[in-house]
Amino acid sequence: MKAKWSCRRTPGIAGACLIAAVVLLACAASVRAGGVLRSSLDRPDRAPPSFLTFGPSFGDTRGEGGLRPGFSGALVMSPAAGAEIFPPLYDLNLGLVLHGEYRSVAQDRDLIAAGLVARRYFSDVRREAPARAAFVGLGLDIAQISYPGVAAADSASQATSSGELRNYSGVLECGWELRPSPRALVVALVRWRRFVDSGFDYSGWSCHLQAGFPLPW
């Protein structure tokens, strides 16, 4: 087998893209009010700092069975910080999360993924963040599943080389952000990942516990 890149659409990815399109349309509709960016009038003069978080994870993958460990990290931007990139995020109380993760999914098979998540909070975190805030998130990753090579059993059989499957992966998440102090952030979340490629389904769920500190910018 040869390593390859696949961009074929799957039902899960199509659904995630449709939801993302609806969110973007809602953002576009809220951009202007009275000819100016509404969120630019409401945002604090200085956005809260972004947090860099790391921590362990574990999860299960469809068709493989069994919990397997891993780790993950993220750059968590509040609605005010994210609005520096896309202003309507502040009006919608949406944070931006750049995240990545690594996890074993089966014997000699690993998952590596990185992408962007829009995180919708159930508490108002646009100015002074509360001590605890629940959230749901929707995102799109680029994910890779590695697979091992197979040695030839005898002279009549054919050996295959190791490689990987790469594709877009839709993610849904929910959890809590906890702030024991202004300079500490703890994130506990559950994430569902949709990954289908070349007839292989590596979709599954994972649990993540991350702790982090604010970046100095």
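A salt bridge, as I will use the term today, is a side-chain nitrogen of Lys or Arg lying within 4 Å of a carboxyl oxygen of Asp or Glu. One such pair in this predicted model is Asp124 with Arg126, where the closest N and O atoms are 3.1 Å apart. Both partners are partly exposed, with Asp124 at 45% relative accessibility and Arg126 at 23%.

Let me step back to the whole protein for a moment. Its secondary structure comes to four helices and 13 strands, and buried residues make up 40% of the 217 residues. The average pLDDT is 80, and 71% of the residues score at least 70. Over residues 1-11, however, the pLDDT is below 50, and it also stays under 50 over residues 24-37. Where pLDDT is low, the predicted coordinates should not be read in detail.

Now back to the salt bridges, of which a search of the whole structure finds ten. Arg193 and Asp141 meet in one of them, at 3.0 Å from N to O. Because Arg193 lies in strand E10 and Asp141 in strand E8, this pair ties together parts that are 52 residues apart in sequence. Are these two residues buried or exposed? Both Arg193 and Asp141 are buried.

Strand E10 takes part in another pair, since Arg191 forms a salt bridge with Glu173, again with closest N and O atoms 3.0 Å apart. Glu173 sits in strand E9, 18 residues away from Arg191 in sequence. Arg191 is buried, with a relative accessible area of 3%, and Glu173 is buried at 6%. Finally, salt bridges that share partners join these residues into one network, whose members include Arg191, Glu173, Arg193 and Asp141.

Notes. Residues are numbered from 1 along each chain as its sequence is written. Side-chain values use heavy atoms; hydrogens and water are left out. Helices (H or I, at least four residues) and strands (E, at least two) are DSSP runs, numbered from the N terminus. Buried means under 20% relative accessible area, exposed over 50%, partly exposed in between (1.4 Å probe, protein chains only). pLDDT is the predictor's confidence in each residue, from 0 to 100. Contact means heavy atoms within 4.5 Å.
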